Amino acid sequence: MNSKYLWTALAALIFLNGCNQDESSTPSAVVEPTKTDVELLNEQEWDDNRVYVTKDNYILMKEANGTIPGIMKPCFVVNSAKEWPREDLSNADSYDLPRVDFRWNNGDFVSASASEKAIYESYDKVWSIKTDGTDLRLVTDDFSGDVRIMRRSPNNRYLAYSYASRTSGGTDKVVFDVQTQKSTLLGTDLGHSQFLWAEDSSYLYFEDRAKYWKYEITTGKITQMDDDFYFSEVGVIYGGKRYVVSEFGVGVYDEKSDKRLYGVSIYPKELQEKKKKQGYLVITRVHSLQYELKSRSISPDGKYAWGESVQYRYFINTETKEVKLEKKDPKKKSQYRFFDVLGLNAEYVRSASAGSARQYKLTIDKKLFSQTQHWGQICSGHSATLSWLYNGFANNGAFIKEDK
């Protein structure tokens, strides 16, 4: 017999014998599951080694610059924001590190005649990310306009933010509930925006129509505050105290009684002494610009504050009332630069930019250059800014998980 046919017959016999060994079993063909678009895309070899999350969104891994070599960080390309994972309060893994909220228009600039989707991608949205550069989440796109300021509640559930509305023509102030995905409009005006959350997240102070108001979360009640009540866009309520970082220092108040406990001024001592002797010090606008804080930040517990004026940078210990400063000098290394996001105990700081994250672990005496990392975490769109810290007590305040 031809050997070819012999092997064919033997193969058939083996197959049949195998079926007859278990008459109760029903033979079935093995069917390979259909691969998803994402799986097919990730099977391809890409020059940039991208990894797709959805068919229109992917992640690039890039090496971070800094004092720790070989650290790889994700850089996110989001072409379809609605497909990107939303922040999920029930996902405990998202909250094992501090996080930052930031605004990002993930799409390119487009004309008014562009498609509805292209226009949507080019609009501002609120995103969040862990301080180690992982776990990017879409917080809300439930608005149409340019974000001005955002502040997250201590329990992580509520986001207070304002934006220049394309529909109302004013600045809308909103509270967004991450859990229910519902937005509450607090007010609309053409003025400044400020928010400050209660320590237990039960109420929110906000500014609207040049007045201060209190919004109660459970009842929705809004009450106008007294004229002598004060807070600022940078501050925190912690340990029963309200810390207010103003243009010229930090004021500390008892939150329950609203009594001013003390203040820490950034004015030079000679000016403070002159003020005491005269009873009141009139400072010209030109003079004050040297000291007025244009950028400010505060740690989650209110212990440390930072500010930057036209000529100086200041680092303030609100407990000891010590103020350290440096004069800006492009020829010298700065010790107090990029403190826009100030971590717990001022152990870590980072810049306000979200497109290109610049992060530092400070030295023991709270200065730069202990450890640095600089990486581009946004690889699409045209701007990502206004980083603001929340969940700041996670991981004992440390921005990264270090090897033990």
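Trainee: In what order do the three strands of the open sheet that contains β1 stand?

Mentor: The model discussed here is predicted. Its three-stranded open sheet has antiparallel pairing. The edge strands are β1 (51-54) and β4 (72-78), each of which pairs on one side only. The order is therefore β1-β2-β4.

Trainee: By what angle are neighbouring strands of this sheet turned against each other on average?

Mentor: Strands of a sheet pair through backbone hydrogen bonds, either parallel or antiparallel. In the sheet β1-β2-β4 the pairing is antiparallel. With direction ignored, the average turn between neighbouring strands of this sheet is 30°.

Trainee: How many residues lie between β1 and β2 in their hairpin?

Mentor: Strands β1 and β2 run antiparallel and are joined by three bridges. One residue pair of these strands is Thr 54 with its bridge partner in β2, Asn 57. The number of residues between β1 and β2 in the hairpin is two.

Trainee: Which residue of β4 stands opposite Asn 57?

Mentor: Strand β2 covers residues 57-63 and pairs with β4 in the antiparallel sense. Seven bridges make up the pairing of β2 and β4. Opposite Asn 57 in β4 stands Val 78.

Trainee: Which cysteine forms a disulfide with Cys 75?

Mentor: A disulfide is a covalent bond between the sulfur atoms of two cysteines. The structure holds one disulfide, and its sulfur atoms are 1.8 Å apart. With 105° about the S-S bond, the link is right-handed. The partner of Cys 75 is Cys 379.

Trainee: How many residues apart in sequence are the parts that the pair of Cys 75 and Cys 379 ties together?

Mentor: Cys 75 lies in strand β4. Cys 379 lies in the loop between β27 (371-376) and β28 (383-390). Because of these positions, the pair ties together parts whose separation in sequence is 304 residues.

Trainee: Is Cys 379 buried or partly exposed?

Mentor: Its partner Cys 75 is buried, with a relative accessible area of 1%. Buried means under 20%, and exposed means over 50%. Cys 379 has 27% relative accessibility, so this residue counts as partly exposed.

Trainee: Which residue forms a salt bridge with Lys 130?

Mentor: Side chains of opposite charge can pair when their charged atoms come close. A search of the whole structure finds 25 salt bridges. In the salt bridge of Lys 130, the closest N and O atoms are 2.8 Å apart. The partner of Lys 130 is Asp 96.

Trainee: Why does the pair of Lys 130 and Asp 96 tie together parts that are 34 residues apart in sequence?

Mentor: Lys 130 is buried at 9% relative accessible area, whereas Asp 96 is partly exposed at 26%. The pair ties these parts together because Lys 130 lies in strand β6 (residues 125-130) and Asp 96 in the loop between β4 and β5 (99-105).

Trainee: Which residues are joined with Lys 173 and Asp 189 into one salt-bridge network?

Mentor: The side chains of Lys 173 and Asp 189 meet in a salt bridge at 3.4 Å, N to O. Lys 173 belongs to strand β10 (residues 171-177) and Asp 189 to strand β11 (residues 182-189). Lys 173 is buried at 0% relative accessible area, and Asp 189 is buried at 10%. Through shared partners, the network also takes in Asp 208 and Arg 209.

Trainee: How far from buried Arg 151 is the nearest side chain of opposite charge?

Mentor: Arg 151 lies in strand β8 (residues 145-152). A polar atom of its side chain lies 2.7 Å from the backbone oxygen of Glu 233. A salt bridge requires the relevant side-chain atoms to be within 4 Å, and Arg 151 has none. The nearest side chain of opposite charge is that of Glu 233, at 4.8 Å.

Trainee: Which strands stand at the edges of the open sheet of four strands?

Mentor: This sheet has the order β16-β17-β18-β19, with antiparallel pairing. Its twist averages 15° from one strand to the next. Each edge strand has a single partner strand, so one side of each is left without a neighbour in the sheet. The edge strands are β16 (235-238) and β19 (260-265).

Methods:
Residues numbered from 1 in each chain as written. Predicted model: local features only at pLDDT ≥ 70, side-chain atom pairs only at ≥ 80, totals over all residues. Heavy atoms only, no water. Axes fitted to C-alpha atoms, helices over the stretch in contact; angles between N-to-C directions. Disulfide = S-S within 2.5 Å. Buried < 20%, exposed > 50% of the residue type's maximum accessible area, 1.4 Å probe, protein only. Lys, Arg positive; Asp, Glu negative; His and termini not counted. Polar contact = N/O pair within 3.5 Å; in protein donor to acceptor, adjacent residues only side chain to side chain.
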